[in-house]
Amino acid sequence: MRLAQRIVVNSFVVATLLVGIVLFAVERRVTERVRAEEPTAAASADEFLSKVRRDIVIAGFAALLVGVALAQVLAAPVARPIEELRDVARGLAAGDLTQRPSRAIAGGEVGDLAEALRRLAEQLEARLQALHGEEALLVALTESLNEGVIAVDARQRVVRINETARQLLRLREPVPFPADFLPRDRTLREALAAVLSGSDAVPDEVRVDDRTLSLTARPLPGGGAVLALYDLTPVRRLEAVRRDFVANVSHELRTPLTVIGGFVETLQDEALPAELRRQFLAMCEGNVRRMQRIVDDLLDLSRIESGGWVPNPIDLDVAVVAAEVCSPLHAAATAKGVALRTEIGADAGHLYIDPTAARQILSNLAENALRHTTTGEVVLFSQNEDGGTRIGVRDTGTGIGAEHLPRIFERFYRADPGRSREAGGTGLGLAIVRHLAESHGGKVKAESQPGVGTTISAWIPRADAAAD
């Protein structure tokens, strides 16, 4: 029941009681006085008392109505501000901090209550805004980290997780969610259990799918834990590449050094015939040149990868560059019975590329194709394609298996290691081609079929596309 209704009802009850008491007292007083008169007047006295009672009832009812009306009028000014304060308090409790008592409520205890409620609402709004600011700052900080951050409460629920952690652990569940949804790696589970019990966990590495993650866990003062994950996968891959690179370089250099060392030791024999001496010296010279090529290719590759070499592209005539590349290879091609020719497309005669890079791309591809072709032909070609020009070499050599194609542009990778070394390849030519093409905004492609031939090419964008 509303406050105004309660006030009216209470006023009605009180007014009724008061009127009843007054009427009862008046009626008793009149009755006593009338009965004290002469007995002969008893009949007329009874009639008189009946009329008095009727008049008193009417007067009492009228007084009661007036009392109720006055109670209604007097109750409204008291109940209205109190009801308003009640509605404001309910709104604040529901989270609507824009609620405020009206300024019309002033004076007295109700006015003091309204002012106190107003100050309370202003303080709550200020503190909530401060909390929202701190929350936004915390979210921005955690989302900007390269580390994955996971907060777990004392009930083993994940209450906060940044996007990096979601990507590392492949999680998409909205927070909060049970910690059981985390990967079931033993090291991760043991670290989480340790910090939830209040002790520090020793930093360790965990494996999640194909990723290696560094894990750090710390307990929270009020219970719970914070897990920090850092992706070590690129570091581990780099270490593996470095180990493979050192091993490959060591092997590539050790082979010619071993050959040279053996021949030099043999050449120290003064009884060695002159003809054999000349053959051994020629072999030593060949292996020295092979080591020189390896060192030169390593230096070129290092300079390109480190950014020490910057392309200076110009409008280049592809036919001229192809002729320059073919000129020193004609003798070797003729000796093997392989035709060496060029196919320059009518709309692909010019290329926007660094001249040195263009020569090195075609030279590496042509030498590689001639090295693995014993019959048929080796063709240097250019063609217009997808807003750029594709230059490359097509041969009818031994071909490359499909399982090797994705990796042939890696350093020192060989589909047939023994045959490639025997032919004198360094294993770096295609890696250099890939880096040179990418430095111009282009890309490389390899197509091959064992026993049929191989086509390896580099796509270079047009001048206007490269400028964009």
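Two strands count as paired if DSSP finds at least two bridges between them. With that in hand, here are some close-up views of this predicted model.

**View 1. Strands E12 and E13 run side by side in the antiparallel sense.** E12 and strand E13, which covers residues 453-461, pair over 7 bridges, and the sense of the pairing is antiparallel. One residue to look for is Lys445, whose bridge partner in E13 is Ser457. As background, strands of a sheet pair through backbone hydrogen bonds, either parallel or antiparallel.

**View 2. E12 and E13 belong to an open sheet of 5 strands.** Follow the order E8-E10-E11-E13-E12 to cross the sheet, whose pairing is mixed. The edges are formed by strand E8 (338-344) and strand E12 (443-449); each has a single partner strand, so one side of each is left without a neighbour in the sheet. From one strand to the next, the twist averages 15°.

**View 3. Helices H8 and H10 pack on the sheet.** Helix H8, residues 318-326, touches E8, strand E10 (376-385) and strand E11 (388-395). The direction of H8 makes about 165° with that of E8. Helix H10, residues 355-371, also packs on the sheet, touching E8, E10, E11 and E13. Its direction makes about 20° with that of E11.

**View 4. A cavity is lined in part by H8 and H10.** The structure holds 1 cavity of 30 Å³ or more. About 30 Å³ of space lies in the largest cavity. Its lining is made of Leu316, Val318, Val321, Leu351, Ala358, Leu362 and Ile391. H8 and H10 each supply at least two residues of this lining. Rolling a probe the size of a water molecule over the atoms shows where empty space is left.

**View 5. Leu301 is buried and meets residues far along the chain.** Look for Leu301 in helix H7, which spans residues 274-305. The relative accessible area of Leu301 is 2%, so this residue counts as buried, the cut-off being under 20%. Leaving aside neighbours within four places in sequence, Leu301 is in contact with Arg411, Leu428, Ala431, Ile432 and His435. Take Ala431 from that list: Leu301 and Ala431 are 130 residues apart along the chain, yet their C-alpha atoms are separated by 7.8 Å.

**View 6. Two loop residues have a positive phi, and one peptide bond is cis.** Most residues other than glycine have a negative phi, and most peptide bonds are trans. Gln156, in the loop between strand E1 (148-152) and strand E2 (157-161), has a phi near 60°. This residue is partly exposed, with a relative accessible area of 43%. Asp386 has a phi near 50° and is found in the loop between E10 and E11. At 66% relative accessibility, Asp386 counts as exposed. The cis peptide bond joins Val175 and Pro176, with omega at about -5°. Pro176 has its place in the loop between helix H4 (163-169) and strand E3 (177-178).

**View 7. Residues 417-424 call for some caution.** Over this stretch pLDDT stays under 50, and the model has 13 contacts for it beyond four places in sequence. Where pLDDT is low, the predicted coordinates should not be read in detail. For the protein as a whole, the mean pLDDT is 78, and 80% of the residues reach 70 or more.

Technical notes:
Residues are numbered from 1 along each chain as its sequence is written. This is a predicted model: local features need pLDDT of at least 70, side-chain atom pairs count only at pLDDT 80 or more; totals for chains, interfaces and linings use all residues. Side-chain values use heavy atoms; hydrogens and water are left out. pLDDT is the predictor's confidence in each residue, from 0 to 100. Contact means heavy atoms within 4.5 Å. Helices (H or I, at least four residues) and strands (E, at least two) are DSSP runs, numbered from the N terminus. Axes are lines fitted to C-alpha atoms, for helices over the stretch in contact, and angles run from 0 to 180 degrees between N-to-C directions. Buried means under 20% relative accessible area, exposed over 50%, partly exposed in between (1.4 Å probe, protein chains only). On a 1 Å grid over the protein atoms alone, a cavity is a set of points where a 1.4 Å probe fits but cannot get out, and a pocket is an open set with protein on both sides within 12 Å along at least five of seven lines; lining residues have an atom within 4 Å of a point. Grid points are joined across faces, edges and corners, and a volume is the space filled by probe spheres set on the points.
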